[in-house]
Amino acid sequence: MIGYVILYVEDLEASVGFYRDVVGLEYKFTDAGYAEFEAGGVRFGLYERRRAEWLTGRAVSPGAGGEIVVMVDDVDAWAERLAGLGAPVLSGPADRPWGHRTVHVADPDGFVVEFATEIPRARGRRT
């Protein structure tokens, strides 16, 4: 079972603002370079990249690899909201053959955040 997902970020305050005010996650606390949010049973955290080396034993590279997916009821409404908040929209809204309608934005560190609504699948899965 996954207990935490933690992203190493450059500017903790900017990232807290993004995930709290743009993504809409419930902010819990900040302590010693770490901030935590409620994310539906999984703890979602942000940790200052400059502090990560003592934890990992090496320098931590900036983000942009990987993706966070946030399930929403109406991706088109979220796309309008995100654009209105100035979030850098990367793609969408678009229907995807695997059964999601999506819009992708970038967080302050370049991590991709996908907002998705389930739609009927356009293709089957191989088993």
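Is E48 buried or exposed at 14% relative accessibility? I looked this up before anything else: E48 counts as buried, because its relative accessibility is 14% and buried means under 20% relative accessible area, with exposed over 50% and partly exposed in between (1.4 Å probe, protein chains only).

**Ground rules**

I note that this is a predicted model, in which local features need pLDDT of at least 70 and side-chain atom pairs count only at pLDDT 80 or more, while totals for chains, interfaces and linings use all residues. Residues are numbered from 1 along each chain as its sequence is written, and side-chain values use heavy atoms, with hydrogens and water left out.

**Entry 1: salt bridges**

I took a salt bridge as a side-chain nitrogen of Lys or Arg within 4 Å of a carboxyl oxygen of Asp or Glu. By this rule I have nine salt bridges.

I started with the partner of E48. The side chain of E48 meets that of R50 in a salt bridge of 3.3 Å, N to O. R50 counts as exposed, at 65% relative accessibility, whereas E48 counts as buried.

I then looked at R20, which forms a salt bridge with D21, with 2.7 Å between the closest N and O atoms. Here R20 is partly exposed at a relative accessible area of 36%, and D21 is partly exposed at 39%.

I also found D95 and R101 joined by a salt bridge between their side chains (2.8 Å, N to O). R101 counts as partly exposed, at 22% relative accessibility. Salt bridges with shared partners join E10, R49 and D109 into one network.

**Entry 2: strand β7 and its neighbours**

I used DSSP runs for the elements, numbered from the N terminus: helices are H or I of at least four residues, strands are E of at least two. Two strands pair if DSSP finds at least two bridges between them.

Strand β7 covers residues 100-106; six of its seven residues are buried, so the strand is largely enclosed by the rest of the structure. On one side I have strand β6 (residues 89-96), which runs antiparallel to β7 and is joined to it by five bridges. D95 stands opposite R101 in β7, and these two residues also share the salt bridge noted above. The hairpin of β6 and β7 has three residues between the strands, and G99 takes a positive phi near 100° there.

Strand β8 (residues 112-118) pairs with β7 in the antiparallel sense over seven bridges. T102 stands opposite A116 in β8. The β7 and β8 hairpin has five residues between the strands, and G110 in the turn has a positive phi of about 90°.

I checked one residue of β7 in detail, H104. H104 counts as buried, at 12% relative accessibility. Its side chain has a polar contact of 2.8 Å with that of E114; I take a polar contact as a pair of N or O atoms within 3.5 Å, where within protein one must be able to donate a hydrogen and the other to accept it, and residues adjacent in sequence count only if both atoms are side-chain atoms.

**Entry 3: aromatic pairs**

Which residues form one aromatic cluster? I list F18, Y19, Y27, F37 and F44. For pairs, the rings of Phe, Tyr and Trp (its six-membered ring) must have centres within 6.5 Å; planes under 30 degrees apart count as stacked, over 60 as edge-to-face and the rest as tilted. The count by this rule is eight aromatic pairs.

Y19 and F44 make a tilted pair, because their ring centres are 5.0 Å apart and their planes stand at 55°. This pair links distant parts of the chain, 25 residues apart: Y19 lies in helix α1 (residues 12-22) and F44 in strand β4 (residues 42-48). F44 also pairs with F37, again tilted, at 6.1 Å centre to centre and 50° between the planes. F37 is buried with a relative accessible area of 0%, and F44 is buried with 6%.

**Entry 4: nonpolar core**

I defined a nonpolar core as a set of buried Ala, Val, Leu, Ile, Met, Phe, Trp, Tyr and Cys residues joined through side-chain atoms within 4.5 Å. The largest has 25 residues, and Y19, L46 and F115 have the most contacts inside it. Helix α1 gives the largest share of this core, five residues.
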